[in-house]
Amino acid sequence: ENKSKIAIVGSGLIGQNWAMIFASVGYRVAIYDVVPEQLTRAHALIKDTLGRYEKEGHLRGKLTSTEQIQNITACSSLTDCLEGAVHVQECVPEDLNLKVTVFQELDKHCSNGMVVASSSSCLPASSFTESLEHRNNMLVAHPINPPYFIPLVEIVPAPWTDQAVVNKTRALMENIGQSPVTLKYEAPGFALNRMQYAIINESWNMYQTGLLSAEDIDRVCHTGLGLRYAFIGPLETMHLNANGMVDYCQRYADGAEKVQKETFKQIPVKYDIPTAEKIQEEFESYLPLDKIPQRRTWRDGWLAALASLKLAD
Ligand code: NAD
């Protein structure tokens, strides 16, 4: 199947992941980077990675790794990369001035109907698209690391993004096997980071009050809460843990409020260096700094296995 062309601008970690994801379902992917050696390196890395995923049984899509690699072209000019693309996924570093410059450039190449999505983790599209001619076609589509195994994409429109562009982007994300959510308006932290900060806040609080060790705090999540949350979210958890949401609140809301009153601290919580040093010292015995790359590979292996398990659902 010969699908449309996708342009990826920036060939770092996130650009490589997007390229592999789009190619896995047959899109023609053109990838560009301002640093030519980086582009060459990225293309080689993609080839190695897809070959390895195939051997390990983690390759996405129905095409072989060779077919997928053939779908990905490294372009030495931005013009070639963008030519004829229906969707552009911008993946340059998270720096406002850089995003402004890159989007001005992308605006010049925008043809009718070309959607330009930024992978930005924090910067809202309104901060770098306001003055642009094609700003109605621009928005944020924020992936989660590693996107190849974590399908969530947060779609965050600027106030001027066309609803049709939001819908089209959401449909495209579904089409490539990602799991999009749509924010109705721009809000700091989008959705995932807000949830994440709430969880870190209480982890920090429990550590500072000496309630549990760092290892045990993490264990509460990865052998407890996290197992549920990999399949159902916090709201459905409430619904299932009683006879529906209303029953849950009738039974448990007072208790939850009491726990919060007695234990939660003031927000915002500053993730302070003295506490960070203590936690890191504790990690030293089982997760020293020089073992982090190894541990990331281990994590990605399990995320891959979990991704297959979720696909089976
Ligand atoms: P990265 O530093 O790994 O890669 C960025 C690439 O962009 C580099 O190869 C660089 O040479 C290239 N680049 C710089 N200026 C450019 C230009 N003008 N034109 C073309 N290419 C250019 O960064 P990353 O981790 O891949 O992050 C990219 C974006 O994705 C950022 O906005 C980041 O916030 C977001 N993001 C990152 C993560 C993550 O965990 N790394 C997760 C989600 C979203």
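A nonpolar core, as I use the term here, is a set of buried Ala, Val, Leu, Ile, Met, Phe, Trp, Tyr and Cys residues joined through C-beta atoms within 7 Å. I should also note up front that this is a predicted model.

**Core**

I pulled up the largest nonpolar core and got 52 residues, of which Ala19, Val29 and Ile31 touch the most other members. Helix α1 (residues 13-24) supplies the largest share of this core, seven residues. Then I listed the contacts of Ala19, leaving out residues up to four places away in sequence: Ile8, Val29, Ile31, Ile46 and Ile72. Val29 and Ile31 turn up in that contact list, and they also sit beside Ala19 among the residues with the most core contacts.

**Sheet**

Next I traced the strands. They make an open sheet of eight with mixed pairing, in the order β3-β2-β1-β4-β5-β6-β7-β8. Which strands stand at the edges? They are β3 (72-75) and β8, and each has a single partner strand, so one side of each is left without a neighbour in the sheet. I also checked the twist: neighbouring strands are turned by 25 degrees against each other on average, ignoring direction.

I went through some of the pairings one by one. β1 and β4 are parallel, with five bridges, and there Val9 stands opposite Glu90 in β4. β4 also runs parallel to β5, joined to it by four bridges; in that pair I found Val88 opposite Val116 in β5. β6 and β7 run antiparallel and are joined by five bridges. For Pro143 the bridge partner in β7 is Val153.

I looked at burial in β4 too, and the strand is mostly covered, with five of its six residues buried.

**Helices on the sheet**

Helix α1 lies across β1 (5-9), β2 (28-32), β3, β4 (85-90) and β6, and runs at about 165 degrees to β2. Helix α5 (residues 96-109) lies across β1, β4, β5 (115-118) and β6, and its angle to β4 is about 170 degrees. So which strands did I find under α1? β1, β4 and β6 are among them, and those three are listed for α5 as well.

**Ligand shell**

How many residues surround the ligand? I get 24, and the closest are Gly10, Gly12, Ile14, Glu94 and Asn145. The elements that give two or more residues to the shell are α1, α5 and β6. α1 gives the largest share, three residues. By type, I have 12 nonpolar, 10 polar and two charged residues in the shell. My note to self on α1: this helix has the largest share of the shell, and it has the largest share of the big core too.

**Backbone oddities**

I scanned for cis peptide bonds. The bond from Asn145 to Pro146 is cis, with omega near -10 degrees, and Pro146 is in the loop between β6 (138-143) and β7 (152-157). Asn145 is the one I had already listed among the residues closest to the ligand. The bond from Ile267 to Pro268 is cis as well, with omega near 0 degrees. I placed Pro268 in the loop between α11 (245-263) and α12 (273-283).

Phe190 caught my eye in the phi values: its phi is near 45 degrees, which is positive although the residue is not glycine. Phe190 lies in the loop between β8 (179-182) and α8 (192-208). Is Phe190 buried or exposed? I count it as buried because 20 other C-beta atoms lie within 10 Å, and the cut-off for buried is 20 or more.

**Two spot checks**

I picked Ala141 in strand β6 first. It is buried, since 26 other C-beta atoms lie within 10 Å. Leaving out residues up to four places away in sequence, Ala141 touches Gln89, Ala117, Ser119, Val153, Ile155, Thr169 and Met173. Val153 is the residue I had logged as the bridge partner of Pro143. I also took a distance: the C-alpha atoms of Ala141 and Ser118, 23 residues apart along the chain, are separated by 5.7 Å.

Then I tried Pro234, which is in helix α10 (residues 234-240). Pro234 is exposed because its count is 12 other C-beta atoms within 10 Å, and exposed means 12 or fewer. From the C-alpha atom of Pro234 to that of Pro180, 54 residues apart along the chain, I get 18 Å.

Definitions and conventions. Residues are numbered from 1 along each chain as its sequence is written. This is a predicted model: local features need pLDDT of at least 70, side-chain atom pairs count only at pLDDT 80 or more; totals for chains, interfaces and linings use all residues. Two residues are in contact if their C-beta atoms, placed from the backbone, lie within 7 Å. Two strands pair if DSSP finds at least two bridges between them. Axes are lines fitted to C-alpha atoms, for helices over the stretch in contact, and angles run from 0 to 180 degrees between N-to-C directions. A residue is near a molecule or strand if its C-beta atom, placed from the backbone, lies within 6 Å of it. Ala, Val, Leu, Ile, Met, Phe, Trp, Tyr, Cys and Pro count as nonpolar, Asp, Glu, Lys and Arg as charged, and the others, Gly among them, as polar.
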